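Reader: I would like to go through this chain with you. Could you show it to me before we begin?

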Amino acid sequence: MPFRELIDELLAFIAEDAHALGCETDVMRAREIAKTGTSADRQVDCFTRRLAHGASREHALAAVVDFLAAETAGRI
């Protein structure tokens, strides 16, 4: 079964503990991560797209740094 389908079951399993710890909002982010991927997924995608468009390895890595800076600043 794909992770996306298991996430609801997992969240239900830990719901009581998440409530006791006051972190329900944090654990609910797991759904978004399962849906959209992690930051690492986006970084690899940025890197491979740049390479596919002819960028050198160094330029592709610089694009990832720029992407991370923009994402951290909330511009993406």
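Author: The exchange below takes up the overall fold, the helix contacts and some individual residues.

Reader: What kind of model is this?

Author: This is a predicted model.

Reader: How many helices and strands are there in the chain?

Author: The chain has 4 helices and 0 strands. Read from the N terminus, the order of elements is α-α-α-α.

Reader: Is the chain spread out or compact, going by the radius of gyration?

Author: The chain is more spread out than a compact globule, because its radius of gyration is 17 Å, well over the 11 Å that the globule rule gives for 76 residues. Along the principal axes, the C-alpha atoms fill a box of roughly 50 × 30 × 15 Å.

Reader: And what percentage of the residues count as buried?

Author: Of the 76 residues, 17% count as buried.

Reader: What share of the contacts joins residues at least 24 apart?

Author: That share is 29%, taken among contacts between residues at least 6 apart in sequence.

Reader: Let us turn to helix packing. At what angle do α1 and α2 pack?

Author: Helix α1, residues 3–21, packs against α2 at an angle of about 175°, and the two axes are 10 Å apart. Angles over 145 degrees count as roughly antiparallel, so α1 is roughly antiparallel to α2.

Reader: Which residues make that contact?

Author: From α1 the contact draws on Phe3, Arg4, Ile7, Asp8, Leu11, Ile14, Ala18 and His19. The α2 side consists of Glu24, Val27, Met28, Ala30, Arg31, Ala34 and Lys35. Sorted by class, the contact of α1 with α2 has 9 nonpolar, 1 polar and 5 charged residues.

Reader: How do the axes of α3 and α4 cross?

Author: The axes of helix α3 (residues 39–52) and helix α4 (residues 57–72) come within 8 Å and cross at roughly 140°. That angle makes α3 oblique to α4. The crossing of α3 past α4 is right-handed.

Reader: Which residues are involved there?

Author: On the α3 side, Ser39, Arg42, Gln43, Cys46, Phe47, Arg50 and Leu51 take part. On the α4 side, the participants are Arg57, Ala60, Leu61, Ala63, Val64, Phe67, Leu68 and Glu71. The residues of this contact of α3 with α4 divide into 9 nonpolar, 2 polar and 4 charged.

Reader: Now some individual residues. Where is Gly37 found?

Author: Gly37 sits in the loop between α2 and α3.

Reader: Is Gly37 buried or exposed?

Author: Gly37 is buried, because its relative accessible area is 15%, and buried means under 20%. Leaving aside residues up to four places away in sequence, Gly37 touches Glu32 and Arg42.

Reader: What about Ile33: which helix holds it?

Author: Ile33 belongs to helix α2, which covers residues 24–36. With 33% relative accessibility, Ile33 counts as partly exposed.

Reader: How many residues separate Ile33 from Arg4 along the chain?

Author: Ile33 and Arg4 are 29 residues apart along the chain, and their C-alpha atoms are separated by 9.3 Å.

Reader: And where is Arg29 found?

Author: Arg29 is also a residue of helix α2. Its relative accessible area of 47% makes Arg29 partly exposed. Arg29 and Leu6 are 23 residues apart in sequence, with a C-alpha to C-alpha separation of 14 Å.

Reader: One last residue. Is Val65 buried or exposed?

Author: Val65 is exposed, because its relative accessible area is 52% and the threshold for exposed is over 50%. Val65 lies in helix α4. From C-alpha to C-alpha, Val65 and Phe47 are 9.8 Å apart in space, and 18 residues apart in sequence.

Methods:
Residues are numbered from 1 along each chain as its sequence is written. This is a predicted model: local features need pLDDT of at least 70, side-chain atom pairs count only at pLDDT 80 or more; totals for chains, interfaces and linings use all residues. Side-chain values use heavy atoms; hydrogens and water are left out. Axes are lines fitted to C-alpha atoms, for helices over the stretch in contact, and angles run from 0 to 180 degrees between N-to-C directions. Helices (H or I, at least four residues) and strands (E, at least two) are DSSP runs, numbered from the N terminus. Angles under 35 degrees count as roughly parallel, over 145 as roughly antiparallel, 65 to 115 as roughly perpendicular and the rest as oblique. A crossing is left-handed if the near helix is turned anticlockwise from the far one by less than a right angle, and right-handed if clockwise. Contact means heavy atoms within 4.5 Å. Ala, Val, Leu, Ile, Met, Phe, Trp, Tyr, Cys and Pro count as nonpolar, Asp, Glu, Lys and Arg as charged, and the others, Gly among them, as polar. The radius of gyration is taken over C-alpha atoms; the globule rule is 2.2 Å times the number of residues to the power 0.38. Buried means under 20% relative accessible area, exposed over 50%, partly exposed in between (1.4 Å probe, protein chains only).
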